[in-house]
Amino acid sequence: MSAIAERAAGAQRTVLGFWIYLMTDCVLFATLFATYAVQRNSTNGGPGGAALFDLPYVLVETMLLLTSSFTCGLAVIALQRRNKQLLLRMLAVTFVLGLAFVGLEFNEFRYLVTEGNDWQRSGFLSAYFTLVATHGLHICVGLLWALVLGVQIWRRGLGGNTVKRMTLFSMFWHFLDVVWIFIFSVVYLWSGRL
Amino acid sequence: MAHVKKRIIRRRNFILAATIVGIVVFGVVARYLYVTPIAVLQPAGPIAAGQRELMVVASVLMLLIVVPVFTLAGVFAWRYRESNKKARYAPNWDHNRAFEVIWWFVPSALIAVLAVMTWHGTYAYDPYKPLLSNQKQITIQAVALDWRWLFIYPEQKVASINYVRMPVNTPIKFEVTSDAPMNSFWIPQLGGQVYAMPGMGTQLHLMANEQGDFYGSSANISGKGFAGMNFVAAATPRYSFDAWVADAQTKSPLTLEQYAEVAAPTTDRRVYTYSAPAAGLYDTIISKYMTDHTNMEQTE
Amino acid sequence: MTPMFAGLLGRFTLDALPHDLVTAFGALTIVGAGVGALALITITHRWKWLWKEWITTVDPKRIGLMYVIISLLMLLRGASDALLMRAQQALSAGDAAGIVDANHFQQIFSAHGTIMIFFVAMGLLFGLINLIMPLQIGSRDVAFPVLNAASFWLFFGGMALVNLSLVVGEFSAAGWLAYPPLSELQFSPGTGVDYWIWSLQISGIGSLLSAINFVTTILTMRAPGMTLMKMPMFVWTVLGSMLMVAFAFPILTATLTMLALDRTMGMHFFTAAAGGNPMMYVNLIWAWGHPEVYILILPAFGIYSEVVATFARKRLFGYVSMVWATMAIVLLSFIVWLHHFFTMGAGADVNAFFGIMTMIIAIPTGVKIFNWLFTMYRGRIKFATPMLWFMGFVAIFTIGGMAGVLMAIPPVDFQLHNSLFLVAHFHMMIVGGVVFGFFAGLTYWFPKIFGFKLNERLGRYAFSCWFGGFLLAFVPLHILGLMGATRRLDHYDASLGWQQLFIVAGVGVLLIGLGVVFQVLQLVVSILQRDKNRDLTGDPWNGRTLEWSTTSPAPSYNFATIPVVADRDAFWVRKHQRSAQPAPEYEAIIVPRNTSVGLVIGLLAFGFGFAVIWHMWLLAVACLIGLVVTIIMRAQNDNTERTLSAATIAKFEARTSEVTA
């Protein structure tokens, strides 16, 4: 097989492998969701979701993340057109939106903790913090990834590895967006109402 | 010629010796099994008897598959060993629909039969199902502690540690919980076990058809003293039970303070008896762990 | 202590060092072995060689061999634990104290189970897959070689933690699955359960990465012409097993994380109070745990398929059926987990459903057994050692399977759960099925890996001791279980009459120990006799699959030219073709460079685990940052491959054909 064909085959393998990884991440989140569902009413005499969750605030978080997914999609289109400047700009916007999301989420957590509703208070809060923070940590990893990748693309341009990595990054970012939709529904909407 | 004869004699001697050793070993094992109690196979109550019956029937049914497997394995290994030149050799024969149908279908049929048995048996011997009897049911609450068992008789208003007495031929409803890690409440001769969990109440309905002292234990590891968590489950005539209750009512009461002492970790396995367990003690123990919206009562 | 100092040393004190005889002996053995190994390498000036050829390797054959060596060493430790357990139970009737106290005994059996499952069985599994699977599919490598190395070093890190617990601190005394609330801080405040959590967490992530690697490899790197239905059966079972790892291990990762959060951050997932739910842990851990045992057994089944077909000199019977049976087992194994806790009080409908589902798995398993037997039918069977292990498997696994179907009936399980009957059942499945299968695989593929055959006679002695010893050790346990003997007891009343059976079981384990001695002897003698037993053709058993078409051992690039496959049993078909093979045309091969990234990741993960266990938060953060930095730095490295020129390949091939000529 020629070197170019080998490299292309290798890139395809990496994409398949990354898909499988995302499926394993799916199972990980599913486990946390299942635990949350079982413990959503285990409030240990303390406040539950209805008392604690600020739905408009969470809506803002959601809009930030959804928009960042959109700009990530724009970045991928720029990638396909090999437009390095546009790609980097869209990646930067995605980064900023994601950072804002993390900031808001951190703020939400800080408020809960200072009010005494931290993860030690009840099974419900343990499950809530772990599920949402796991997603938040994944977002942080994505932000770091975007930063490192952006620098790499800026300095080395769009070559074999960077193209592959940008593809993987966008898969990762969209996946996290989907997980957030579930969090929004299962954690905030469902528990916020009951 | 002579060495062939010697080999035959040696082989004969070997078979003779092996047979004698085999008979001796068999005799020793048989006697041992005869004199040693095998609790699960020697039921003293209807639940354990039903469980044994299921076990025996299922085992016999499975022999329908297992015996052919062993036979085929032995026969094929012997017949088709490479030194046997007489056997047919068909190196590319790798497919036969009829055979495949047989061994997909016959085990499936067997499993179907076992499945029906399982379905009926699971409902029939459901630990939550009360036993039918013309005698009135007695409730005994079993609490797993570190590392012994506390038995509370809410109706008779007595309590005991590591000893539970029940009248024979009377259905007993055990309500089981734990004030310690997860344990498992098990009296093999009367019937199977149920987990004892803090903050939760499980149930086990049992009955003794025979008098006797039956071995009970905890079947789930709960810490350092777990191996010592044996108790005696005694089935006696009704008058004997009543006498024991009357005697227990003269002992010191099991107040909440006394209970706190009793529940402290200890490997003291001795039997103690108390009168007047604190009202609602069992429920108090459970609700120590329960909080809002976590109603973990396992009732059916 | 200032906060800074506390951050450095956490809860580590001198108390953590061993302070009784048995633990001290164990610790000295581990430390001695480690120091001894380091000394040996230094004296023989082998550091550079070790670094270049083994520590930084990305060749799956080398990585596989490292897995196997570590696993076999851990088998010795797990077996020592077993000997101690049997000795304790044989001696501690009535007032006799036995040889260890209760807490220590509980650590021993917890370590025994943990080590055997995670560091022997899983290790041998990944070892054999690495060694053989790429060769069998006609590939030169796995899909992600560096990830493969990282997986091994993560496995190594987990193994190091388990062994370190013998030297500093203690191990978990909560059983190999650490049910809460016993495993929570309230009842297990020491470092034991934390060692358990982190050694599993670290090696578990390694396993997950391997699954991604191997599934991608099998799906994308097969030789041209090898459709899925032409793959060797071992590869099918590896595919099934790795798919199961991908779906099951994340559950373990999440569950271990939640238990760790309970223990380090005061959360309430599984605590008895404050809204925790121990039953949730039981469900989650078995939702992983049941697929785990099928993850182990399926590749063992695959090995049996290879061994029986090869030694019966006959095509595997019912290949398509076997594939369907494998996939059925993969799917079914995810919907039976509740049978591990029928006694937790779920109610009759739930129990009955899971009981029936469990029985249904017996059907495809039985199909496999019949297919193997009918592969023997009208074959011409050579009973070399691998075939003996198979026959032992048939006997033991069938009995164990019977016991399993019995316990799938919930009311019966109520009487057998957590008794020694259960212990006997799962040992029959795991030892008779998995361990025997891996022994069959190791003896079968040994010539391919090392280039010379094992001594057959010593192999037969080893098998006989294992088989006889195993029956002697575990048949009595069935009876003990029926007598009402619970598992994990460190002492029992003398009046129960159990001691005689415990003694018999103890003798059985000694016999197994003799079998292990024979295996070690076999290895030593075979190495000494290696020139006499050289495998010069690469095909010592008249094999059927592609791995036998290479030299023994295979060259680092596996195949100079990728084979083109036309049928199942590709190598057998090729051997029996009359057509002359055209002269091979060599092309340059791109191979990945060696790298220390895997080792660094393993070390940092080990450091992180150790730090969290001892609450050394600064070290923990440092290791995490180190991991991130390592990965980022690796991403900057564009020079990760090198080329073996066609001329180099031609030279290698010519040299080896000179040797075989």
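User: How do you know that chain B departs from the radius of gyration of a compact globule of 300 residues?

Analyst: This is a predicted model. A compact globule of 300 residues would come out near 19 Å, but chain B has 28 Å. The rule behind that figure is 2.2 Å times the number of residues to the power 0.38. The C-alpha trace of chain B spans about 90 × 50 × 40 Å along its principal axes.

User: What makes up the secondary structure of chain B, and what share of its residues counts as buried?

Analyst: Chain B has 6 helices and 11 strands. Of its 300 residues, 52% count as buried. The cut-off for buried is under 20% relative accessible area.

User: Why is Arg10(B) called exposed?

Analyst: Exposed means over 50% relative accessible area. Arg10(B) has 58%, so Arg10(B) is exposed. Arg10(B) sits in helix H1 of chain B, residues 2-35.

User: What makes the surface patch with Arg10(B) positive?

Analyst: Its members are Lys6(B), Arg7(B), Arg10(B) and Arg11(B). Lys and Arg count as positive, so the patch is called positive. Patch residues need over 30% relative accessible area, and Arg10(B) has 58%.

User: Why is Trp196(C) called buried?

Analyst: The limit is under 20% relative accessible area. Trp196(C) has 0%, so Trp196(C) is buried. Trp196(C) belongs to helix H7 of chain C, residues 192-220.

User: How many residues separate Trp196(C) and Leu528(C) in sequence, and what is their C-alpha to C-alpha distance?

Analyst: They are 332 residues apart in sequence. In space, the C-alpha to C-alpha distance between Trp196(C) and Leu528(C) is 39 Å.

Notes
Residues numbered from 1 in each chain as written. Chains lettered and ligands numbered in written order. Predicted model: local features only at pLDDT ≥ 70, side-chain atom pairs only at ≥ 80, totals over all residues. Heavy atoms only, no water. Patch = residues over 30% accessible without salt bridge, like charges linked within 9 Å, V, L, I, M, F, W, Y side chains within 5 Å. Areas by Shrake-Rupley, 256 points an atom, 1.4 Å probe, with all protein chains shown as cover. Salt bridge = Lys/Arg side-chain N within 4 Å of Asp/Glu carboxyl O. Charge placed at Lys NZ, Arg CZ, Asp CG, Glu CD. Helix = DSSP H or I, 4+ residues; strand = E, 2+ residues; numbered from the N terminus. Buried < 20%, exposed > 50% of the residue type's maximum accessible area, 1.4 Å probe, protein only.
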